[in-house]
Amino acid sequence: MSWHAMNRRTFLETTTTAAAATLLTSRLGWAATEHKIEKIGVQLYTVRDLMKTDFDGTIAKVAQIGYKEVEFAGYFGHTGQQVRAACDKNGLSAVSTHIQYDELDDKFPSVIETSKVIGLKYIVCPWIAEKQRDWKKVAEKFNRCGEQTKKAGIQFAYHNHWFEFLPVDGKLPYDELLKECDANLVKMEMDLCWITAAGADPLKYFARYPGRFPLVHVKDLKKVPKVTTGGGQNFGDTVDLTSVGDGIIDWKKIFAHSEQAGIKHYIVEHDKPENPFESITKSHEYLEKLRW
């Protein structure tokens, strides 16, 4: 083969490779800027009244809407095996469960065993009563729980309301928990609605504590309510909650920082919807189309 022929072939091969690389880079660049939620989850507390009367039927309807993941808030008399069977039958992944603060002591080994049977990845404490809000003791308990769940291959986490973002003796309880809890033993399930209601900024927490927020609660509100540190949470009695996408929260702005936050599970919730299935259907439709 002549030098001219070889030179021409080398030129063509180089040009072709460069063109292909440019095309691939372009495609990868497009993919990198187009993000969506692959598996949308729902907190079954939203449909709790329906779960009480028709556990299996409610699970099936949740799957029919298009949800891929579920988070439990009670099993309504069903065993771990029955819960797992209901999820498996409907192609749902049972990601997490909410367990009350009073169940984190003597009852906790049993909670862990049931969670293992169901196949849960996370056990989440969702609420701390006002009389129990000694944050140093809370953090110590959470660390102990985290040690126990880690041995079982499950991650422990805490779910906030709004009182954690209001100062107590000059300190924010949420900051104290993040500081006192072992980052490997205790993760956070940030409720993006309640932190917004408190007037705090989730993006500042994502930047300050990257990777600490593998789960988030996705629910919306129409206006920022008046909030207080004490008393019970009104769970939507006076807060004007709405389906995701119909409120004031800028989801694109928040989810643009998902990688920094470490978010793996996006869980829809509405504490007190007038029509639960209508609410979670609208939320799913919005999130399914959302890109950032």
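Colleague: Which residue follows α5, and what is the sign of its phi?
Modeller: Gly119 comes after α5, and its phi is positive, near 95°. This is a predicted model, where local features need pLDDT of at least 70, side-chain atom pairs count only at pLDDT 80 or more, and totals for chains, interfaces and linings use all residues. Residues are numbered from 1 along each chain as its sequence is written, and side-chain values use heavy atoms, with hydrogens and water left out. Helices (DSSP H or I, at least four residues) and strands (E, at least two) are numbered from the N terminus.

Colleague: Which residues of helix α5 are buried?
Modeller: An α-helix has 3.6 residues a turn, so residues three or four places apart point the same way. Helix α5 covers residues 108-118, and its buried residues (under 20% relative accessible area) are Phe108, Val111, Ile112, Ser115 and Ile118. Seen down the axis of α5, they fall within an arc of 125° (directions from the axis to the C-beta atoms), so they line one face of the helix.

Colleague: What do the buried residues of α5 pack against?
Modeller: They pack against α4 (80-89), β3 (93-98), β4 (122-125), α6 and β5 (155-159).

Colleague: Which residues of α7 are buried?
Modeller: They are Pro173, Tyr174, Asp175, Glu176, Leu177 and Leu178. That is 6 of the 8 residues of α7, so this helix is largely enclosed by the rest of the structure. The cover over those buried residues includes α6, β5, β6 (186-191) and α9 (202-208).

Colleague: At what angle do α6 and α7 pack?
Modeller: Helix α6 (residues 135-151) and helix α7 (residues 173-180) pack at about 40°, with axes 9 Å apart. The two are therefore oblique (neither under 35 degrees, nor over 145, nor 65 to 115). In the contact (heavy atoms within 4.5 Å), α6 brings Trp135, Lys136, Val138, Ala139, Phe142 and Asn143, while α7 brings Pro173, Leu177 and Glu180.

Colleague: And how far apart are the axes of α3 and α12?
Modeller: Their axes lie 10 Å apart, and α3 and helix α12 (residues 276-289) pack at about 25°. That makes α3 roughly parallel to α12. Thr58, Lys61, Val62 and Ile65 in α3 meet Phe277, Ile280, Thr281 and His284 in α12.

Colleague: Where is Asp56 found?
Modeller: Asp56 is in helix α3, residues 55-65. Asp56 is partly exposed (20% to 50%), with a relative accessible area of 46%. Asp56 and Cys87 are 31 residues apart in sequence and 8.8 Å apart in space, C-alpha to C-alpha.

Methods: Axes fitted to C-alpha atoms, helices over the stretch in contact; angles between N-to-C directions. Buried < 20%, exposed > 50% of the residue type's maximum accessible area, 1.4 Å probe, protein only.
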